[in-house]
Amino acid sequence: MAVAFVLKGYPRLSETFIAQEIRALELRGLDIQIVSLRHPTDADTHPIHREIQAPVLYLPEYLHHEPLRVARALIHARALPGFAAAFATWRTDLRRDFTRNRSRRFGQACVLACELPPGIDRLHAHFLHTPASVARYAATLLGLPWSGSAHAKDIWTTPAWDIQEKLASLDWLVTCTQTGADFLQSLAPDPATVSLVHHGLDFSRFTAPNPHDATPGKTRTILSVGRAVTKKGYADCLEALASLPPHLEWRFRHIGGGPLLGALRDHARRLGLEHRIEWLGAQPQEVVLSQMRRADIFVLPCKQAPDGDRDGLPNVLMEAQSQRVAVVSTRMSGIPELILDGETGLLVTPGDTNALSGALRTLLEDPALRVRLAQAGFDRVRSRFSMKDGIDSLSNNFGLHSRPAAA
C-alpha cells in the first residue's frame, strides 16, 4: 500500500499529532508520499520531522505564482478519464462556494494528479476542509480511492453540504473526539463510514517526569501551550490571572505563535501582568516538554470562536498530563473525554473567567490537590491514551494489519 497524505502545510510545529502518526505508520510499513498545499512557515521543526522518510510534494499555494506549472497540469488533467466527473463536481461546488479558494483547490488537484509519483494506491486527507477538497478532486481525476482524518476547525466550520458530499465520496474517515464522531455520523449517508480514533501519545519519546514539587512558599509556574487564536481562550486566561489574589506567587509562561500574540501581550500590559508573564513563542517539542516538566500547573481555557471554530482534543493536554502536571481546562468538545473533573484535572465552563480564576487559585493554594490530580492524570493518560491503539486502527484501515506493532 502506497498512500499520498494531503496536508494543508508541512512541517508544522502545531501539528505534532500528524507527524507522529506518519512516522508510526512508516514504521508499520506504509509507503507514504506527503503532499503539502503550503510551504512551511515555522522556523523550527520537531525531532520527529527529521525522522520521517516520506518525500514531500509542494503544490502551488497560489496558482498565479506558478502559471506554467498550473497550465501544464490542466492540459494533462483534461486527458485523464476522470476529468469530466471531477470538473462537474468542482463546478457544482463552485456555484455554492463562489470563491477564489474553491478555484485554487481544483487547480491544486490538477497539479497533484499531474505530478503524483506512479504507484500511489490511495489519497488520504488530513482535515476535512481544503485538504479534503483537493484530495477528492484529485482522486476523481485519477480514479483512486480516498479517505480522511477530521480534527476540529474543519468539522465545525465546513458547510454541511460539503461534509455530506465528501463523506459520500470517500471510503472511510476517522476523527479524534466522540463529539466530532457523533456530529459527522449524523451527516454521513452511511454512519459506519466515520469512526473514533484518538490521537494518543507515543510515550517512548517522553522522558519520565520528575515527582511533583509541593514545596511550600515557592513561586509556582503556570504554563500554557497553544496558538494565539480566539478558540484557545487566552484573553480569558489573562483576565483570570489578573483576578488572582495579590499574595499568591506565580509566573505564567506561554509557548506558541499566532495572529493574536501581539494583542494578548498588549492586554497583559493593560492588566498589569507583564512582570509575571514570559512569552516564549513557537518552540520545538523538546522545549515544550522541558517546560512542562518544570511547570506546576498547565492551563488551556478552550472556547468556541464566533465563526464556530473550536478545538477537538488538544494534544498538549495529553502531553502535560504525561509530564505529571495538574491541568485546568474547559468542558469543550472532546476535552472531558480526557480530563475527568475533580479526578484527573479541573474543568470549568468555557468563557467563565471567574471559575477559571477560582480553579487556578485552588491549585496554587492546595499543593496536595495538585499532586493528586497530576498523578491521576498521569496514570489515566498512560493507560487510556497511548498512540498505539490509534495506529493499530489506522493500520487496519490501510491494510497493514499483518504488520508488527511499532516499538
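This text leads the reader through selected parts of the structure, from helix H13 to several individual residues.

The model is a predicted one, in which local features need pLDDT of at least 70 and side-chain atom pairs count only at pLDDT 80 or more, while totals for chains, interfaces and linings use all residues. Residues are numbered from 1 along each chain as its sequence is written, and side-chain values use heavy atoms, with hydrogens and water left out.

The account begins with helix H13. Helices (H or I, at least four residues) and strands (E, at least two) are DSSP runs, numbered from the N terminus. The axes of H13 (residues 315-322) and H16 (residues 367-384) come within 8 Å and cross at roughly 120°; such axes are lines fitted to C-alpha atoms, for helices over the stretch in contact, and the angles run from 0 to 180 degrees between N-to-C directions. The crossing in which H13 passes H16 is left-handed, a term that applies if the near helix is turned anticlockwise from the far one by less than a right angle, whereas a clockwise turn is right-handed. On the side of H13, Met318, Gln321 and Ser322 make the contact, and H16 supplies Gly377, Phe378, Val381 and Arg382. Contact here means heavy atoms within 4.5 Å. Sorted by class, three residues in this contact of H13 with H16 are nonpolar, three are polar and one is charged. In that sorting, Ala, Val, Leu, Ile, Met, Phe, Trp, Tyr, Cys and Pro count as nonpolar, Asp, Glu, Lys and Arg as charged, and the others, Gly among them, as polar.

Why is H13 described as largely enclosed by the rest of the structure? Eight of the eight residues of H13 are buried, so the helix is largely enclosed. Buried means under 20% relative accessible area, exposed means over 50%, and partly exposed lies in between (1.4 Å probe, protein chains only). The buried residues are Asn315, Val316, Leu317, Met318, Glu319, Ala320, Gln321 and Ser322.

Gln321 of H13 deserves separate attention. Gln321 counts as buried because its relative accessibility is 1%. Beyond its neighbours within four places in sequence, Gln321 is in contact with Val327, Leu338, Ile339, Thr344, Gly377, Phe378 and Val381. Phe298 stands 23 residues from Gln321 in sequence, and their C-alpha atoms are 8.6 Å apart in space.

Just after H13 comes Arg324, with a positive phi of about 60°. Arg324 lies in the loop between H13 and strand S12 (326-330), and counts as buried because its relative accessibility is 16%. Phe127, which is not a glycine, also has a positive phi, of about 95°. The loop between strand S4 (122-126) and helix H6 (130-142) holds Phe127. A third backbone feature is the cis peptide bond that joins Tyr10 and Pro11, with omega of about -10°; Pro11 belongs to the loop between strand S1 (2-7) and helix H1 (16-27). Most residues other than glycine have a negative phi, and most peptide bonds are trans.

The next topic is the nonpolar cores. A nonpolar core is a set of buried Ala, Val, Leu, Ile, Met, Phe, Trp, Tyr and Cys residues joined through side-chain atoms within 4.5 Å. The largest core has 58 residues, of which Ile222, Leu241, Trp250, Met292, Phe298, Val328 and Leu360 touch the most other members. Apart from it lies another core, of 45 residues, including Ala86, Leu94, Ala132 and Val194.

Val194 is also one of the residues that Thr175 touches, not counting residues up to four places away in sequence. Thr175 lies in strand S6 (residues 173-175), and its side chain reaches the backbone oxygen of Ala150 at 2.9 Å.

His46 lies in the loop between strand S2 (31-36) and helix H2 (47-51). The side chain of His46 reaches the backbone oxygen of Leu13 at 2.8 Å, and a polar contact of 3.2 Å joins the side chains of His46 and Thr16. A polar contact is a pair of N or O atoms within 3.5 Å; within protein, one must be able to donate a hydrogen and the other to accept it, and residues adjacent in sequence count only if both atoms are side-chain atoms.

Finally, Ala228 lies in the loop between strand S8 (220-225) and helix H10 (234-242). Ala228 and Gly258 are 30 residues apart in sequence, yet their C-alpha atoms are 4.4 Å apart in space.
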